[in-house]
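Colleague: Could you walk me through this model and tell me how its labels are earned?
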Amino acid sequence: MSSDLDARMIAAHEAGDPQALIRLYTQAADEANALDAACFYLTHAYIFALEAGAPEAAALHARLKAHGREA
Amino acid sequence: MTTVTDLSNVRASVDKANGLPNAHYIDKDVFEEEKHALLFSQWAGLAVAADVPEPGDAKPIEFLGMPLLLLRDKDGDVRVFQNICRHRGMILVDAPRKIEGAIRCPYHSWCYSTKGKLVSTPHVGGPGHNTHVSIVRSELGLNEIRSHIWRDVVWINVSGDAPAFEEVHGELITRWADFDKPLYHGGGDSKFTLEVDTNWKLAVENYCESYHLPWVHPGLNSYSRLEDHYHIERPQQYSGQGTMVYRQLQDEAGNTFPDFQDVGEKWGEQAEYIAVYPNVLLGAQRDHAFAIVLEPKNTEKTTEHVHLYYASPETDDRLRTKNSAMWKEVFEEDIFVVEGMQKGRHAVHFDGGRFSPVMDSPTHCFHDWVAGKVDTHRGQAKAAE
């Protein structure tokens, strides 16, 4: 993960900004080189989307489920 | 060693009975015993549904030391859960807020729907693996506390084994069938809390008798004399008082609150004030109602949560504010009495007192209920030994 993305994630956590967290963790998943790493970030994006009731939750859930990582 | 009180004379007839012994007001062991016998095993008042008006609204409430979560789910149903994650027992919601999607535990982010279903368990099978064969989500939903809404009060049965609410209180529901109309909470100016240095039972006892009215509430004397009141007694369920001279509040122009539909004609100047055992005090009148949920804090401290309701969602602001102030003054007038009786329970030679056979029977009715439930609880505890 780039240091810029990492910094933006930390800022989003500090701000408690769910939309930014969903977007940035999804971006981290998309940029990850390994499946486990991608699913780790996807999980975070999904959980924040789930908590926020954000529409992205369905697609994130589908991606995790496709990899056998979510029920 | 656990305190065991002698209740044999409490259940005698009102002309011969003594009130509950001091220990029932000041002893921690008895308080703990009553917590189970009188509150957890019955339908106790917890809050009002108006505390969570919109779907997703969540309010953490501590009830007798137990963390609970009052929640209106996405379909609009009010539910009560234990406010802890099924994973490590962490508190889930620490302040009132809106649940937009799921309840996320702040510790490891296990997520629950507003209906209590466990919907995600991140990394439970290792990083990025969110399932594990041993973590069966359908078995790990939030622990829901049995609840029921009546007259906007959220009643809970913590033990889960009391008969259905309608079965326990069917007679009262029928008695007040005329008042079974939509209740509209008056909003922010129609609720207040009173912190009182008394055992919660003394607040019940004071509420359900009219004997004290001319002495403690002299302002009522001009229109609501003692002889205009009648006793209400339903052994093992509730007791209270009624009046035949209820007078509607008016503003300077003579305007009143609108009546509940069809109630005004039937009830006219009659109104009733009933303590529903264990801890809810209700008032029903032609044009407004109230509910007081007594929150027992410890042997000697009680928080009274007062809520006022109307027949219409829109009522006059000034009249409503005036009504809240009027009731607050009345309820505050009772504080020195219940606090004084509480102090009196530290007098070691007090025998529980005696009752006026004519005027105190609603209070005796409550004591009889307490003694009966405590006896039953002790019998069950002994049988389990």
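**Helices, sheet and chain contact**

Modeller: Happily: helices α1 and α2 of chain A are roughly antiparallel to each other. This is a predicted model, in which local features need pLDDT of at least 70, side-chain atom pairs count only at pLDDT 80 or more, and totals for chains, interfaces and linings use all residues. Residues are numbered from 1 along each chain as its sequence is written, while chains are lettered from A and ligands numbered from 1 in the order in which they are written.

Colleague: Why are α1(A) and α2(A) called roughly antiparallel?

Modeller: The axes of α1 (residues 3-15) and α2 (residues 18-31) of chain A cross at roughly 155° and come within 9 Å. Angles over 145 degrees count as roughly antiparallel, on a scale from 0 to 180 degrees between N-to-C directions, so α1(A) and α2(A) earn the label.

Colleague: Which residues of α1(A) make the contact?

Modeller: Among them are A:L5, A:M9 and A:A12, and α2(A) brings residues including A:L21 and A:L24. Contact here requires C-beta atoms, placed from the backbone, within 7 Å.

Colleague: What makes β6(B) and β7(B) a pair?

Modeller: Two strands pair if DSSP finds at least two bridges between them. Two bridges join β6(B) to β7 (residues 111-112) of chain B, running antiparallel, so the definition is met. In one of these strands, β7(B), B:Y112 is the bridge partner of B:I103.

Colleague: Why do β6 and β8 of chain B stand at the edges?

Modeller: The open sheet has the order β6-β7-β8. β6 (103-104) and β8 (118-120) each have a single partner strand, so one side of each is left without a neighbour in the sheet.

Terms used. Helices (H or I, at least four residues) and strands (E, at least two) are DSSP runs, numbered from the N terminus. Angles under 35 degrees count as roughly parallel, over 145 as roughly antiparallel, 65 to 115 as roughly perpendicular and the rest as oblique. Two residues are in contact if their C-beta atoms, placed from the backbone, lie within 7 Å.
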